[in-house]
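Let's take a friendly walk through some backbone details and a helix. Please have the sequence and the model open side by side.

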Amino acid sequence: MRSILINGEVAYNAPSQIFNSVTFREILAELINDSEEKKNSLLSLFEPFLRNTDTMETSRKYDIDGIVELLLALTIDPIEKIDGSSYYSFPKMSNKRELLVRFVESLFSLWRNKHRFIVKRDEYTPNRFDRIFKQMVLVRTNTDLKSLVLSLYRQILINVSDIRLKILRQEPGGAQVGFIVDNPEVDKRARVPGADWLYGMACVWSIVFEPPVIFYTRSNKRHGLFEVRDKPILSKLNIPSSNDWFLFPIHVGSKLIDVVVNKEYLSLAAGLGNLFELASFDIVKNKKPDGIYILGIDNSFFEKKEDFNGVIYREDDGTYIGIVGDDPSIDYFGYMKKMILTIHNLLVIDEGRLPVHGALAHIKLRNGKKANVMLIGDSGAGKSETLDALNRLHAEVSEVNILIDDMGSLDITSSGSVIAYGTETGAFVRLDDLQPGYAYSTMDRSIFMNPNEINARVIVPYSNYTDIIKPTKVDYFLYANNYDEDKDSDLRIFKDAEEAAAVFSNGARMAKGTTTEKGLTYSYFANPFGAIQRRERHEVIADRYLKAMIDSGVRVGEVRTRLGIPGYEMEGPLMAAKALLKAIDEQS
C-alpha cells in the first residue's frame with residue numbers, strides 16, 4: 001500500500017477515527033511485518049501481543065486490536081497509570097519506554113512516507129464563488145485531520161516519556177493533495193462510443209495542494225518509444241467503476257484529453273494540476289475528448305509483454321487511446337506527461353500541422369527590442385536552462401515570458417506567417433540543471449519528484465491557459481545543440497530549408513539521464529513523441545514549415561547550449577543566452 005485515500009466528506013475530531021480506521025490498521029500491520037523481516041528491536045515490543053503462531057498473516061498472528069487499544073489509552077493516561085490500573089489488561093510497558101517511543105515515531109514516519117490524498121465527492125457548480133467555498137471546506141477538513149494526527153502523536157509521546165517534545169515541529173500530518181470529484185452527466189453526442197465505463201468514474205474538477213508537495217516514486221527515467229497501432233482497442237477495455245480509478249479531464253493545447261489513473265499512480269496524476277489546465281465540467285459535458293490516456297492497467301491486458309511500457313491505439317473515428325501498464329519502472333512523471341503530449345502530437349499531425357518539441361519565450365530587452373524565440377530539442381537539450389539563464393541577465397534583459405515550455409504546435413496563417421500554440425501551463429524540469437535554489441524559491445507552488453536522486457524533477461506552474469493557446473508569431477526557430485563544444489560559434493543561422501532540415505531531422509543530443517539512453521543519441525526532429533511514429537507524414541509537413549519560416553523572415557538556425565558536455569552545465573546555457581541576447585540586440 002503506497003497511496004492512501006482519505007475520506008474528505010467527514011469531520012476529523014476524534015482519536016477513534018484514526019485508530020479504528022482500516023488504513024491505520026494496515027499501516028500498523030505493515031510496520032509489524034517489516035519488523036519481523038528485519039528482526040529489529042521493535043519486534044520485542046510486539047511479542048507480548050503475539051496470539052497465533054500458526055499463521056503468516058500479520059493481522060491474525062498479532063493482537064492488532066490490543067495494540068490499538070493501548071495507543072488509545074496512551075492518548076489519555078501516562079504509561080505508569082496504565083501499568084498500575086486494574087482497568088487495563090495490557091502487558092506491562094513501563095520498562096519499554098524507549099521502544100514505545102521508537103514505535104510511535106516509526107508509525108508516524110510510515111504514515112508520512114505514504115502518498116496521501118484526501119478525496120471529497122461534491123457537486124460541481126459553474127459559480128466560481130461556490131467552487132471556492134467548496135475548495136475551502138476541503139482545506140479545512142484536511143487542516144483538522146493534520147491537527148488531529150499531530151496532537152495524537154504528541155500526546156502519546158508525552159504520556160510515554162516527558163523528556164520528549166522540547167521542540168515542536170509542525171510536520172505534515174494530513175493529505176498532501178486533495179481532489180474534489182463528481183460524476184458529470186455527459187451529453188450523448190459527447191460520449192466516446194464503446195467507453196461507457198468512462199462515465200461512471202469519479203471525475204476530478206478541482207485539485208488542492210498542501211505544500212511542500214514531495215513524492216518519492218519508484219522510477220526516475222522513461223524507457224523507449226510509445227508504439228502507435230492504427231486499430232481500435234476500446235471494445236476490449238473495461239475499467240471497473242470503483243474507488244481505485246479517477247478521471248482527470250485536461251486541456252492540452254486545444255485538445256481535450258481524458259486521463260484515467262489508478263489510485264496507485266495518483267502522485268503522477270497530481271502533477272497534472274501544475275502542468276495542464278483542468279477542463280471545466282461545462283466542457284466535459286458537451287465536448288467529446290480527442291484522446292484517452294489510461295495509466296496503471298493490469299499488465300495481463302496487453303498483446304505483447306513489453307507493451308506495458310506504453311502503446312497508443314487509433315480508433316476508427318480518429319480518437320487516440322494511450323495505455324500504460326502497472327509496473328515499478330513506469331512510476332515516473334515522464335510517463336504521464338510524454339504519453340499525453342504524444343497523443344496531442346499525433347492529433348496535430350493528422351491535421352497537417354507541425355508539432356514541435358521545444359520551448360518558446362517572448363524576450364524583451366531593456367532597450368525595447370524584443371523577439372519570440374523557439375528552442376527545439378529533446379529532453380536535456382538545454383531549452384529551459386537557456387531561458388532561465390536569459391532571465392538572469394538582468395542588466396540587459398527586461399523580461400522573459402515563457403509561452404511554451406516543452407511542447408507546442410505550429411500553424412501557417414493565410415498571409416504566410418508561422419505562429420505557435422502551447423500545450424502546458426507549467427514546466428517539468430530537472431533540478432540538477434537549474435540555477436541553484438531556483439526551484440526552492442517556488443516551493444510553495446512546486447511539486448517535487450525524488451529530490452534526493454539524480455534526475456530529480458520539479459513541476460512548476462508558470463502560465464495560464466489563456467496565454468498558452470494564443471497564437472504567437474515566431475521570430476527565431478533554433479535547434480538546441482547540447483553536444484558540440486565549438487567555441488567559435490554559439491549561434492548560427494541556416495542558409496536554406498535543406499540545411500535546416502538536415503540538422504533538425506538528425507536530432508542529435510547528448511543524453512542527460514532523463515531516459516535510459518546514454519551518450520550521443522539521435523531522435524528524428526528531436527521529437528520521439530509522435531513525429532518519429534508518423535515520420536513519413538511528418539517529413540512532408542516539416543519541409544513545408546521550414547521553407548515557410550525562412551521565406552517569411554524567421555531566423556532558422558542552431559544555438560549551442562553545451563549542456564551535455566561535462567563542465568558546461570551552468571556556463572553552456574549562459575553562453576547560449578548571451579548569444580541570443582546579442583542576436584536580438586543587433587536585429588534591425
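The notes below cover a cis peptide bond, two residues with positive phi, and a helix with its surroundings.

This is a predicted model, in which local features need pLDDT of at least 70, side-chain atom pairs count only at pLDDT 80 or more, and totals for chains, interfaces and linings use all residues. Residues are numbered from 1 along each chain as its sequence is written, and side-chain values use heavy atoms, leaving out hydrogens and water.

Start with the peptide bond from P211 to P212, which is cis, with omega near -5°. P212 sits in the loop between β4 (202–209) and β5 (213–215); helices (H or I, at least four residues) and strands (E, at least two) are DSSP runs, numbered from the N terminus.

Next come K39 and N455. Buried means under 20% relative accessible area, exposed over 50%, and partly exposed in between (1.4 Å probe, protein chains only).

| Residue | Phi | Loop between | Relative accessible area |
|---|---|---|---|
| K39 | near 55° | α2 (22–38) and α3 (43–46) | 67%, exposed |
| N455 | about 70° | β20 (447–449) and β21 (457–461) | 0%, buried |

K39 is a residue other than glycine, and N455 is not a glycine either.

Finally, look at helix α13 (residues 383–391): 8 of its 9 residues are buried, so the helix is largely enclosed by the rest of the structure. Those buried residues are K383, S384, E385, T386, L387, D388, A389 and L390. Their cover includes the strands β14 (358–365), β15 (370–376), β16 (397–404), β19 (426–430) and β23 (476–481), along with helix α17 (571–586); contact here means heavy atoms within 4.5 Å.
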